[in-house]
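Dear colleague,

I am passing on the structure we spoke about, and below it I have set out what was found when the helix packing and the empty spaces were examined. Please read the notes with the structure open beside them.

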Amino acid sequence: MRPRLSLASLGFAVVGLGASIASLIDYLGDSATFCAESGCNTVRESLWAHPLGIPMPVLGIAFYAAALGLGFVDTPRAARLRRGLAVAGAGWAIFLIVLQASVIGAWCKLCMVADPAAIGYAVLVLAGATALRPTLARGLAVIPAVGAAVALLALITHDPAPADPGPSGSPGTAALGATGSAQPAVPAFVTQAQIPGAATVVEVVDFECPFCRRMQDRLAAAIAQATGPVHVVRKMLPLQIHSHAMPAALAYCCADAQGKGDAMAAALFAAKPDELSAEGCEKIAASVGCDLERYRADLPGAEARVAAEMAEARAAGIHSLPTVFIAGERIVGARKSTEELTALLDRGR
């Protein structure tokens with residue numbers, strides 16, 4: 001019985017490792033290869049996706065790699081480590097499942113493979129699964145097994161090509177996405193920003209957010225390639241998890257009041273995140289030509305503007321960054337390529 005438990009526990013570890021590798025590929029890629037559904041994207045773009053700056057799948061890979069390694073070490077110390085690892089992994093997996101359900105409000109297919117796999121692994125280890133005798137054949141078998149798990153997950157989580165959802169909904173109505181589920185109506189601040197003869201871009205911005213920065217590079221390139229004029233409006237949504245996001249948002253508003261908004265936004269995105277302190281932002285403001293005396297005097301007004309825009313964003317159901325509206329179409333996440341963004345801009349006039 002114990003050899004079967006041991007093999008089954010390693011099976012859970014192989015599946016969990018495959019899901020973690022697939023998830024990391026999606027985290028690091030320009031677009032999702034495995035899990036491109038809205039729920040997967042929401043989880044990837046959430047505040048919890050990078051604990052301590054580490055992509056969550058890296059933690060999963062480390063956990064399952066350790067579980068597989070300990071599965072071939074038959075010593076009392078390794079057995080204690082295996083049990084401790086199993087309990088810790090199951091506790092973390094349960095926490096992540098609860099987090100998706102109660103905080104993020106979205107489900108990722110790959111997470112719902114990796115997290116239950118950790119729980120299953122723990123149950124079997126605590127039920128008596130022991131280490132297998134290490135052999136070259138068993139060790140080499142792990143590699144194709146993990147590869148097969150990744151390939152199977154690619155088939156399971158692959159999304160079919162979405163149907164054309166048609167034009168975006170008009171103000172005050174809900175546009176239907178490819179899945180047929182209702183999407184939030186176009187916010188009033190988006191329709192108010194539109195001007196005739198130009199494609200209007202409304203960015204909801206956190207200047208420290210790594211996903212916003214990734215999206216900004218592509219959006220800037222798309223604007224440069226667009227065949228006609230583009231009108232850009234930025235709304236501030238500094239996230240509490242980013243310690244320098246609020247100083248950067250205030251700095252942008254102060255610069256924007258002097259007509260330096262575009263230059264300031266480009267400089268803030270180009271700066272290193274640790275340079276976005278209040279003092280660092282003031283230096284950046286000076287570098288783009290702001291009057292610093294007026295800049296400092298405008299800070300109270302900037303605080304009021306940021307507070308109002310944060311309330312607008314939350315009321316519009318914006319819970320993930322980056323969120324960009326192009327010609328009224330809501331784009332969540334950093335998955336769109338430069339070419340796709342350019343096409344949206346050209347169609348949006």
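To begin with one pair of helices in this predicted model, Met 56, Phe 63, Ala 66, Ala 67 and Leu 70 in α3 meet a set of residues in α4 made up of Ala 78, Leu 81, Arg 82, Leu 85, Gly 89, Trp 92 and Leu 96. Sorted by class, this contact of α3 with α4 has 10 nonpolar residues, one polar and one charged. Helix α3 covers residues 56-70 and helix α4 covers residues 76-104, and their axes come within 10 Å and cross at roughly 150°. Because angles over 145 degrees count as roughly antiparallel, α3 and α4 are described as roughly antiparallel to each other, and their crossing is left-handed.

Some of these residues also appear in an open space. The second largest pocket has a volume of about 440 Å³, and of the 29 residues that line this pocket, the closest to its centre are Met 56, Gly 60, Trp 92, Leu 96 and Asp 115. Two or more lining residues come from each of α1 (2-28), α2 (38-44), α3, α4 and α5 (111-126), and the helix that gives the most is α4, with eight residues. The lining of the second largest pocket divides into 21 nonpolar, six polar and two charged residues. Met 56, Trp 92 and Leu 96 are therefore worth finding on your screen, as they belong to the contact between α3 and α4 and are also among the residues closest to the centre of the second largest pocket.

A second pair of helices is α9 (residues 245-257) and α13 (residues 299-315), whose axes come within 9 Å and cross at roughly 115°. With 65 to 115 degrees counting as roughly perpendicular, α9 and α13 are therefore roughly perpendicular to each other, and the crossing is right-handed. On the α9 side the contact is made by Met 246, Ala 249, Leu 250, Tyr 252, Cys 253, Cys 254 and Asp 256, which meet Leu 299, Ala 302, Glu 303, Arg 305, Val 306 and Met 310 in α13. This contact of α9 with α13 has 10 nonpolar residues, no polar ones and three charged ones.

A third pair is α10 (residues 261-270) and α11 (residues 278-287), which pack at an angle of about 135° with their axes 10 Å apart; that angle makes α10 oblique to α11. Here too there is a right-handed crossing, in which α10 passes α11. Met 264, Ala 267 and Leu 268 in α10 meet Cys 281, Ile 284 and Ala 285 in α11, and the contact divides into six nonpolar residues, with no polar and no charged ones.

Lastly, there are the enclosed spaces. A search of the whole structure finds three cavities of 30 Å³ or more, and the second largest of these cavities has a volume of about 50 Å³. Its lining is formed by Glu 203, Val 204, Val 205, Cys 212, Met 215, Gln 216, Phe 269, Pro 322, Thr 323 and Val 324. At least two lining residues each come from β1 (199-205), α8 (210-225) and β3 (323-326), and by class the lining of the second largest cavity has seven nonpolar, two polar and one charged residues.

With best wishes

Terms used: Residues numbered from 1 in each chain as written. Predicted model: local features only at pLDDT ≥ 70, side-chain atom pairs only at ≥ 80, totals over all residues. Heavy atoms only, no water. Axes fitted to C-alpha atoms, helices over the stretch in contact; angles between N-to-C directions. Helix = DSSP H or I, 4+ residues; strand = E, 2+ residues; numbered from the N terminus. Parallel < 35°, antiparallel > 145°, perpendicular 65-115°, else oblique. Left-handed = near helix turned anticlockwise from the far one by under 90°. Contact = heavy atoms within 4.5 Å. Nonpolar A, V, L, I, M, F, W, Y, C, P; charged D, E, K, R; others polar. 1 Å grid on protein atoms, 1.4 Å probe; cavity = no way out; pocket = protein on both sides within 12 Å on 5 of 7 lines; lining within 4 Å. Points joined across faces, edges and corners; volume = space filled by probe spheres on them.
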